Amino acid sequence: MRNIPVQDLSASVSSSRVHTTCPYCGVGCGVTLSRQRNQDMPIGDEDHPANFGRMCVKGSALHETIGVNGRLLHPEVDGKQTDWNSALDRVAQRLQETIEKYGPDAVAFYVSGQLLTEDYYVANKLMKGYIGSANIDTNSRLCMSTAVAAHKRVFGADAVPTSYEDLESADLIILYGSNMAWTHPVVYQRIAAAKAARPELKIVVIDPRRTSTAELADLHLPIKPGTDIELIDGLLAYLINEGHEDSAYLKKHAEDYESVCQQIIERSSNLSDIAETCDISLENLKRFYQWFANTEKTVSVFSQGINQSSRGVDQASLILYSHLLTGRIGQEGSGPFSITGQPNAMGGREVGGLANQLAAHMNIESEAHKEIVQTFWGSPTICQSPGAKAIDMFRQIEEGTIKFVWIMATNPVVSLPEAERVKSALSRCPTVVVSDCMAETDTVRLAHIKLPAAGWGEKDGTVTNSERRISRQRSFLDLPAEVKPDWWIICQVAERLGFASDFNFAKPADIFREHARLSAYKNKGDRAFNIGGMIGMSDMDYDQLKPVQWPVIDRDSDGNFVSTKRLFTDGLFYTPSGKAKFHDVVLDTSPRRQGAFPFMLNTGRIRDQWHTMTRTGLSRRLQKHYSEPFVEMHPDDMKALELQSGQLASVSSPQGSCTVRVSEHDGLRKGDVFMPIHWSDSFASAARTDTLVAAICDPISGQPAFKQTPVEIKSVKVRWQAILLFSIRLPLPGNDYWAYRALGDWHMYILAGNARLDIKQMKKQWRKQCDQWAEVDAGDQAMMRLVGSRQGRPTLWMALHEEMPQWNEDWLLDAIKNPETSMRALLLGMPLGARLNKGSAQICTCNQVDEDRITEAISKGCSTVECVGKKTRAGTTCGSCIPEIRKLLTRVNSDEQEEVLC
Ligand SMILES: Nc1nc2c(c(=O)[nH]1)N[C@H]1C(S)=C(S)[C@@H](COP(=O)(O)OP(=O)(O)OC[C@H]3O[C@@H](n4cnc5c(=O)[nH]c(N)nc54)[C@H](O)[C@@H]3O)O[C@H]1N2
Ligand SMILES: Nc1nc2c(c(=O)[nH]1)N[C@H]1C(S)=C(S)[C@@H](COP(=O)(O)OP(=O)(O)OC[C@H]3O[C@@H](n4cnc5c(=O)[nH]c(N)nc54)[C@H](O)[C@@H]3O)O[C@H]1N2
Ligand code: SF4
Ligand SMILES: [Mo]
């Protein structure tokens, strides 16, 4: 078995600091940090053109999430630790047997936008060119596939024309379905800085919720969920009716627009009807249309509010048409901008990671493209037709037609709609292989074969961000235990299937060079993705690669690769005619509220967590912003259901049910509720949001409509609630609800139940683990406090009350570690007279400042973000919480605070 060569990092590292790329969102920030594990905080790379030194809170906490804590460190087969040879042999053997018996379409790979381009390239090559099936799909199906489909049908290629710079030079930015302040914080910071410098820059936020992003907006349109299509259709009609069409541009650079525009005019309603459909004021609707009509430099950013819809491709296409119609594309400061979610969602699209694509932007439907790819690879076969898209793939696993699945870098038991069905499909599948860095995810738990993958900091390769910028992720940590990078694992399996010579890559640079060659191979300018300029790059070039935007055709006189900032500057598109193509729009209806399910569930992200929390969940700081799963509701809806903030409630749909805390949010529309997507069965008893969501997809892209699920909400009655901390694993008392948080060496559970606890039995079990014990018990489960310790060190702390117990987390965690603290003091759980942190959310994660402290500063006279920063330090480090501080300022200042200069 080949070993992985140790990287010589001297070339890529100017000092002892490594320059790499953040592994979270598609902004793709450059990060520098020390090569020693957990040595220091990551710092934004000042030279990286995505962030110029800025960082958000998730990036700044990266050092808290790397390491061996919770890692999958050894290969496992059927629950037993084994060596790599045996595990890889088993994967190859199971693949081969399944293919021989049932054909290549009986096997599938489900991969991820969190793989590096090199990993992705070999996974796609193996499936499409060697196994001969296109059954490889990716979690980007849930995320970007709608944007891909819209780009392909309108532009003829999956090509994002814009750069972040265009946002800074625009005069109008429209954010369609994007909560950028939390999800792409550094791009948001760049926009905020541009607005501060040029207050005339207008920002429109189109989102049913008043999010943190909306705090910066000149105009927020809280449209009824799912009515973007009517809103944008109306915009196009307005532009045509008011004479804002760029006829010369359309004539030269677009096709089929006459008939499509004619249809738009024919079906266009008057503005009042559109405003009524979208449920916004006529005045605001007009303002939006007028701003768009009159602002040449307009960028339209769109994200999951648009993509995750059963009519996403039409919505996204309409956004593209709004720019074509006005000729506002390919110029500085204007264009449509599909912003990518995952760090390498774009890279995955380049290598053909979706089941309906070939590598290097080629099409499965094209015989010529299939021949190009097969000839280039010299592969024994090539897939003939598109494979199963994510939802269909798991349906086929459920039905038993797919009998082998290899899941890499994604957690579908949590993130796919109808998640319970996904779980049961996987538990019935004859072979489930999972490559992951963590040992205990909801998906890893179902694997027959577990492969320990290298994580961020340990792996080496490239990623492409939202603006087509390819950056290096560089390794700076040793591979722990038996962990290996994904590309290596895949190539080892390919070798065992008999394809050694075509997967004989010694390092990621070798894969990248092949990827570059394929992008240019027989590419006569008809394929947007072309990095032919990088063919033949040396290992040194690869190690020293500076971030560069594709297409990359040339080097400059210093030998640096030349970026392409903007696409379609010449009005030439990648369709056969070279013209952008308009398509008919079908205005169908999305799911509406249904009798028994009177609320519309919207789902999405919170600021400090990344997806299923396998990494961000390790950081105590990041878990403080929101530490339990929740459903946000409008105060009037809460009143009608007699629900209080902080109370537990069940949220149910025909698909399933969750138990979460109720949280009041007056920025929601009445009847709409919001749940975050992050909690899994590893973090809470029943809070997998996707157990509620139906697998309704856009018919063209196959992307699920995650944002609109009719649900009902009921209060959950509990008799007791408890906070339980322990430093050794102990059995939990019986409960109706639990939520877990990692607190460094300690585990914390919030528990609640309605049934009477068998306290005696529970205490007996726990006491066995402790040699010292103190307790206060008021009886009848009204109030109880326990502290247990072993060999002079506290191991257990519990507070149980009828209501949620009050405690002081920071004090207690410090006190627990301090040998001077008495058992009596610990029982209290806080210093006498201390402020409680119950109910006050952490706003500033970097400096650990909660809402109470900020509100206090505001009530004492602070009237600006800067002043709050001076008084409390909130918002002075990464800046991710500034929108929330601004929101608090508006709230408290509306009580007419006196202005005091700080
Ligand atoms: N903190 C954090 N950041 C992340 C991630 C994370 O997990 N955590 N994940 C990354 C990934 S993979 C992705 S894809 C991106 C997603 O980034 P975003 O798309 O910005 O995030 P979401 O929260 O999914 O949804 C965006 C907004 O769509 C709104 N919305 C819902 N329904 C509608 C509708 O009908 N119309 C409109 N116009 N809006 C609607 C929601 O209210 C929500 O505010 O975030 C990336 N960044
Ligand atoms: N209801 C609802 N559901 C949604 C969404 C929504 O808005 N609403 N959004 C959807 C979207 S846009 C997305 S992108 C998905 C995200 O959903 P997932 O992709 O399922 O979420 P992650 O937690 O990012 O899963 C990544 C997994 O890969 C592991 N991992 C990390 N790095 C590596 C690596 O280098 N190699 C390997 N092999 N493993 C690694 C992590 O430990 C983790 O288990 O969720 C989707 N689901
Ligand atoms: S915005 Fe934050 S999460 Fe996204 S790449 Fe930059 S530092 Fe990472
Ligand atoms: Mo995503």
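In the predicted model, an oxygen atom of ligand 1 lies 3.4 Å from an N or O atom in the side chain of Gln708. Taken alone, ligand 1 exposes 910 Å², and the protein buries 100% of that area. Further polar contacts involve both side chain and backbone. A polar side-chain atom of Arg209 is placed 2.8 Å from an oxygen atom of ligand 1, and a polar backbone atom of Asn179 is likewise 2.8 Å from an oxygen atom of the ligand. In total, 33 residues surround ligand 1. Of these, Asp207, Asp228, Ser303, Arg605 and Gln609 come nearest.

Aromatic side chains were examined next. A search of the whole structure finds 28 aromatic pairs. One of these is formed by Phe512 and Tyr542, whose ring centres are 5.6 Å apart; the planes meet at 45°, and the pair is therefore tilted. Because Phe512 belongs to helix 21 (residues 508–520) and Tyr542 to helix 22 (residues 539–544), this pair ties together parts that are 30 residues apart in sequence. Both Phe512 and Tyr542 are buried.

A second pair joins Phe630 and Trp679. The centres of these two rings are separated by 6.5 Å and the planes are inclined at 75°, so the arrangement is edge-to-face. Phe630 is located in strand 22 (residues 630–633), whereas Trp679 is found in the loop between strand 25 (672–676) and strand 26 (709–715); the pair therefore ties together parts that are 49 residues apart in sequence. With a relative accessible area of 4%, Phe630 is buried. Trp679 also counts as buried, at 2% relative accessibility; in each case the value falls under the 20% limit that defines a buried residue.

Aromatic residues also occur in a larger grouping: one aromatic cluster is formed by Tyr121, Tyr130, Trp377, Phe499 and Phe503.

Charged side chains are placed over tryptophan rings as well. The charged end of Lys202 sits over the ring of Trp291, at a distance of 5.1 Å from the ring centre. Arg468 lies over the face of Trp550, and here the distance to the ring centre is 5.9 Å.

Note on methods: Residues numbered from 1 in each chain as written. Chains lettered and ligands numbered in written order. Predicted model: local features only at pLDDT ≥ 70, side-chain atom pairs only at ≥ 80, totals over all residues. Heavy atoms only, no water. Phe/Tyr/Trp six-rings, centres within 6.5 Å; stacked < 30°, edge-to-face > 60°. Helix = DSSP H or I, 4+ residues; strand = E, 2+ residues; numbered from the N terminus. Buried < 20%, exposed > 50% of the residue type's maximum accessible area, 1.4 Å probe, protein only. Lys NZ or Arg CZ within 6 Å of the ring centre and 35° of its normal. Near = heavy atom within 4 Å. Polar contact = N/O pair within 3.5 Å; in protein donor to acceptor, adjacent residues only side chain to side chain. Areas by Shrake-Rupley, 256 points an atom, 1.4 Å probe, with all protein chains shown as cover.
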